[in-house]
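Work through the exercises below with the sequence and the structure side by side, and try each task before you read its solution.

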Amino acid sequence: MRVGVLTGGGDCPGLNAVIRAIVRKGVQEYGYEFTGFRDGWHGPLEGDTVPLDIPAVRGILPRGGTILGSSRTNPLKAENGVRRVKDNLAKYEVDALVAIGGEDTLGVATALSDEYGVPCVGVPKTIDNDLAATDYTFGFDTAVNIATEAIDRLHTTAESHMRVLVVEVMGRHAGWIALHSGLAGGANAILIPEQRFDLDQVCAWVESRFKIRYAPIVVVAEGAMPKDGDMVLKDQTLDSFGHVRLSGVGEWLAKEIERRTGKEARTTVLGHVQRGGTPSAFDRWLATRFGLHAIDAVRDQDWGKMVALRGTEIVRVPLRDATTQLKTVDPRLYTEAGVFFG
Ligand code: F6P
C-alpha cells in the first residue's frame, strides 16, 4: 500500500505533527510506503512529489509550517483537473490519499471521494476553528495563545499612553480566535463576525474604560462588520476558492473611535504571526492523535471520512459533514463574555 499525503490551504502550527504521526504509524505498524505531494492539491494535479519516510519526518514535531508546502490550488477548477489528479495517483502508484486541510482542501477531498471514487481520508486543520463536526481543529490553540500574549503586551503600552489599542485577529467568518483570545487577554470589547457591532456602543465601552483611568483594548475579528455598513476590506482580490482577502476593519475602527471619542487610537494587525512558529502542546497532542487515527482509517479503507475530536475522543465522521456548514460562535458564548465589556 502506498499512501499520498498533502497539506492544503493556509498553513497552521501542527501540520508537521500530523505528517509525522501518519508516517510513523503507517510504516512501523502497517508496513505502508508514502509519497508526499507538494503544495496542497497542486501536488497531485501537477505530479509534484517529495519522498516521505521515517527519516524525512524526524525532528519535525515542534516545527511550524509544513514540510510538504501548501497552496490554495483548486483542482476542481483546473482544466481536466480530476483526470490529471487520477492520472498522477496512478503514475506514482498511490492507492490512497490523506488530505490535511480546512474547508476548501477538505471540500475537494469530499468531491474526489464521493463523486469520483478517489480513496481519501481527511484531517481537519485551521487556526480559524470553523470546521463543523470537530470540537477543535489544531492550530487554533496556538493562534489563540499568540493573540493572547499580544493582548497582554498591548495592555501595558496602552496604559502608559492612555490610548485605545485595537487588535485585529484572523478567523475569517468565525469569531473563535477573537472570542477566546479576547477573554483570555481581558479585552474591553470583542467584536466578532457573528454579531454585527454598534459603533456607538463600542465608543461607549471605550469611554467608560477611560473614566476609571484604564486604557481600552478592543479585539476585532477580521470578518467583523458594523451594524450600519459593509465588511471593511483593503483588498478585493479572490483566491481560487472564491474567498476575498479579509483585513482592514481594525484600521477603520481605530479611526472611527478616534473621530468619535477624541481619544488617540492605534491598531495592531496580528496577521500571519498567528499562524507561524512552534505549535502549542495541545496542538501537538491533537495533531498527533489525528494523524494516528487517520492512518487507521486508511487501513480500514474507510474512505470519505474525516477524523474529528469529540470531547476527548477521536472519531470518524463523513468528510461531507465537515464542509457543508461553517462552525460559528454560538450567540450564548458571546453574551456570556459581555460582562467584561466596557
Ligand atoms: O484560514 C486561515 C486564515 O489564516 C484566515 O484566518 C485568514 O483570513 C486567511 O487564512 C489568510 O489567508 P492568506 O494566508 O492567504 O493570506
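**Exercise 1: the lining of the largest cavity**

Sort the residues that line the largest cavity into nonpolar, polar and charged.

Solution. In this predicted model, the lining of the largest cavity divides into two nonpolar, six polar and two charged residues. To check this division, begin with the list itself, which consists of G8, G9, G40, W41, S71, R72, T73, D104, T105 and F241. Trp and Phe count as nonpolar, Asp and Arg as charged, and Gly is placed among the polar residues. As for the cavity that these residues surround, its volume is about 40 Å³, and the structure holds one cavity of 30 Å³ or more.

**Exercise 2: helix 5 and its surroundings**

Describe the span of helix 5, and find what its buried residues pack against.

Solution. First take the span: helix 5 covers residues 103–116, and its 14 residues reach 19 Å from the first C-alpha to the last, close to the 20 Å expected. Next, look for the buried residues of helix 5, among them D104, T105 and L106; D104 and T105 also appear in the lining of the largest cavity. The buried residues of the helix pack against several elements, including strand 1 (2–7), helix 4 (81–91) and strand 10 (305–310). Finally, step past the end of helix 5 to G117, whose phi is positive, near 70°.

**Exercise 3: a loop residue**

Is S280 buried or exposed?

Solution. Locate S280 in the loop between strand 9 (265–269) and helix 10 (281–299). S280 counts as buried because its relative accessibility is 15%, and the cut-off for buried is under 20%. Leaving aside neighbours within four places in sequence, S280 is in contact with D141, T142 and N145.

Conventions. Residues are numbered from 1 along each chain as its sequence is written. This is a predicted model: local features need pLDDT of at least 70, side-chain atom pairs count only at pLDDT 80 or more; totals for chains, interfaces and linings use all residues. Side-chain values use heavy atoms; hydrogens and water are left out. Helices (H or I, at least four residues) and strands (E, at least two) are DSSP runs, numbered from the N terminus. The expected span of a helix is 1.5 Å times one less than its number of residues. Buried means under 20% relative accessible area, exposed over 50%, partly exposed in between (1.4 Å probe, protein chains only). Contact means heavy atoms within 4.5 Å. On a 1 Å grid over the protein atoms alone, a cavity is a set of points where a 1.4 Å probe fits but cannot get out, and a pocket is an open set with protein on both sides within 12 Å along at least five of seven lines; lining residues have an atom within 4 Å of a point. Grid points are joined across faces, edges and corners, and a volume is the space filled by probe spheres set on the points.
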